[in-house]
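Me: I would like to learn how to read the surface of a protein model. Could you take me through it step by step?

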Amino acid sequence: MLGLIVAATFWTWFWWIIAVVLWVLFIYFTFMLAASKGRSPLLWVILAIFFPLITIIVLLIIPAKSRPPV
């Protein structure tokens, strides 16, 4: 009986760790994508913390900012 409780606790923690790692990867990908498109990485990361998948989809759709000629 104790073995089942220990196994259940391990798998619960395992899936939480996987979820957190994926969440951090989404945030990192959002940061890099926003920076490459000339957008504010900090703003997009804040949005990605609360809405990770939607933020990446929107960031993939919007065009890159054009830089003014020097």
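Reply: We can begin with the accessible surface, which is computed by the Shrake-Rupley method with a 1.4 Å probe, where for residues only the protein chains shown count as cover. In this protein it comes to about 5,800 Å², and 84% of that belongs to carbon and sulfur atoms. This is a predicted model, in which local features need pLDDT of at least 70 and side-chain atom pairs count only at pLDDT 80 or more, while totals for chains, interfaces and linings use all residues. Residues are numbered from 1 along each chain as its sequence is written, and side-chain values use heavy atoms, with hydrogens and water left out.

Me: How many helices and strands are there in the protein?

Reply: Helices (H or I, at least four residues) and strands (E, at least two) are DSSP runs, numbered from the N terminus. The protein has three helices and zero strands, so the order from the N terminus is α-α-α.

Me: Which helices supply residues of the nonpolar patch?

Reply: A patch is made of residues with over 30% relative accessible area and no salt bridge (a side-chain nitrogen of Lys or Arg within 4 Å of a carboxyl oxygen of Asp or Glu), and nonpolar side chains (Val, Leu, Ile, Met, Phe, Trp, Tyr) are joined within 5 Å, like charges within 9 Å. Here H1 (2-36), H2 (41-50) and H3 (52-61) each supply at least two residues, and the largest share, six residues, comes from H2. The patch, whose members include Trp23, Phe50 and Val58, has about 1,100 Å² of accessible area together.

Me: Why does Val58 count as partly exposed?

Reply: Buried means under 20% relative accessible area, exposed over 50%, and partly exposed in between, with a 1.4 Å probe and protein chains only. Val58, which lies in helix H3, counts as partly exposed because its relative accessibility is 34%.
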